[in-house]
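Work through the two exercises below with the model open. Each task is followed by its solution.

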Amino acid sequence: SWLAWEDRAIRLHKPKAVDKYMKELSNEVDYYSFIQFLFYKQFRAFKSYLKSIDIKLIGDLPLYVSMDSSDVWANSKVFQLNYNHKPKRVSGVPPDHFSSTGQLWGNPLYNWKKQKSDNYSWWLKRIESNLNLFDVIRIDHFRGLNSYWSVPYGETNAINGCWKKGPDKDFIDAVNMNFPNAKIIAEDLGLLTEGVNELLKYSGYPGMRILQYGFDKKEEDYHLPHRYIKNCVCYTGTHDNMAIGEWVKEADINSLNYAKSYLGLTAKEGYHMGFIRGGMSSSADLFIAQMQDYLGLSSNCRMNVPGTWENNWKWRLLKGELTDELSDNILAYTDLYDRNR
């Protein structure tokens with residue numbers, strides 16, 4: 001991590017120090033430049049192949065970047081850092097049903113005043129880079145553009161944070177003006193306010209609807225398909241949720257019975273396929289299901305447990321799991337609900 005570099009000048013990205021180490025470490029710099037060149041060459045070939053078979057890529061764009069990233073090291077002025085480039089306050093979310101102490105993400109927060117002064121140039125470069133890689137980008141934690149949870153640096157949890165005003169419509173104007181044809185999805189989950197909902201509507205971006213949440217009385221019922229608008233993306237569950245098979249085992253009896261009645265779930269069809277049918281038949285412009293849900297998995301398959309740091313992002317598709325029978329089943333559902341356009 002650059003935070004641990006002993007030479008303060010290069011740690012603070014002083015131009016003379018950067019020039020010095022570019023020369024001293026030229027072999028290492030060239031090596032990693034070449035590795036990145038190979039990656040982008042291979043990725044372009046991959047994307048070209050996908051385009052030839054009419055498959056589009058959705059890329060995830062986290063709202064924040066890591067503290068030890070090159071982004072922060074080389075662009076310290078657009079973040080809330082002190083004179084020694086340590087964060088003043090960091091990111092997170094307040095206590096919710098995922099965690100009673102909130103989630104302390106620890107990312108450095110943006111200096112939105114500075115960002116605005118140069119028309120969000122760092123952010124616009126970031127979006128442009130992602131649009132070169134993907135056909136569609138999903139802005140994670142979209143509500144943080146309206147207001148964000150700010151936690152003092154050094155806290156062990158997110159309880160003592162407070163809400164701060166984000167760049168809001170001014171930021172959206174800059175993005176839409178520079179990328180008028182960009183395909184963007186807004187991850188509008190979490191603690192939503194009137195201001196967040198207004199910003200989403202103003203942006204024109206589709207928001208997200210999570211089928212699982214529709215049957216959880218702790219959530220708003222706009223996650224139920226009969227309340228969807230067309231300009232939204234329906235998910236059975238996100239990477240932060242259980243697979244449907246596990247949800248069926250863990251849900252309270254009232255939620256499960258509600259889902260059975262609402263979606264017409266049967267053991268013969270498979271509860272997981274009943275959820276998928278419910279999403280596909282909705283009015284949402286786009287429907288997305290995790291592969292774990294298509295496979296009907298029910299244990300040891302969760303992507304991520306919010307607020308935890310270990311044993312996440314380990315699930316892998318196994319050889320032989322993608323069968324002709326599954327392919328035919330998916331095709332039948334997509335044809336039935338005209339999702340193959």
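**Exercise 1. Determine how β1 pairs with β4 and place both strands in their sheet.**

Step 1. β1 and β4 (residues 136-139) run parallel and are joined by four bridges. Strands are DSSP runs of E, at least two residues, and helices are runs of H or I, at least four residues, numbered from the N terminus. Two strands pair if DSSP finds at least two bridges between them.

Step 2. Find one facing pair: Gly 59 is opposite Ile 137 in β4.

Step 3. Extend to the sheet. It is open, has three strands in the order β1-β4-β7, and its pairing is parallel. β1 (58-61) and β7 (184-186) each have a single partner strand, so they are the edges, with one side left without a neighbour in the sheet.

The model is predicted: local features need pLDDT of at least 70, side-chain atom pairs count only at pLDDT 80 or more, and totals for chains, interfaces and linings use all residues. Residues are numbered from 1 along each chain as its sequence is written, and side-chain values use heavy atoms, leaving out hydrogens and water.

**Exercise 2. Describe the packing of α11 and α12.**

Step 1. Helix α11 (residues 253-263) packs on helix α12 (residues 271-280) at about 60 degrees, with axes 10 Å apart. Axes are lines fitted to C-alpha atoms, for helices over the stretch in contact; angles between N-to-C directions run from 0 to 180 degrees.

Step 2. List the contact (heavy atoms within 4.5 Å). Ala 259, Lys 260 and Leu 263 in α11 meet residues of α12 including Tyr 271 and Phe 275.
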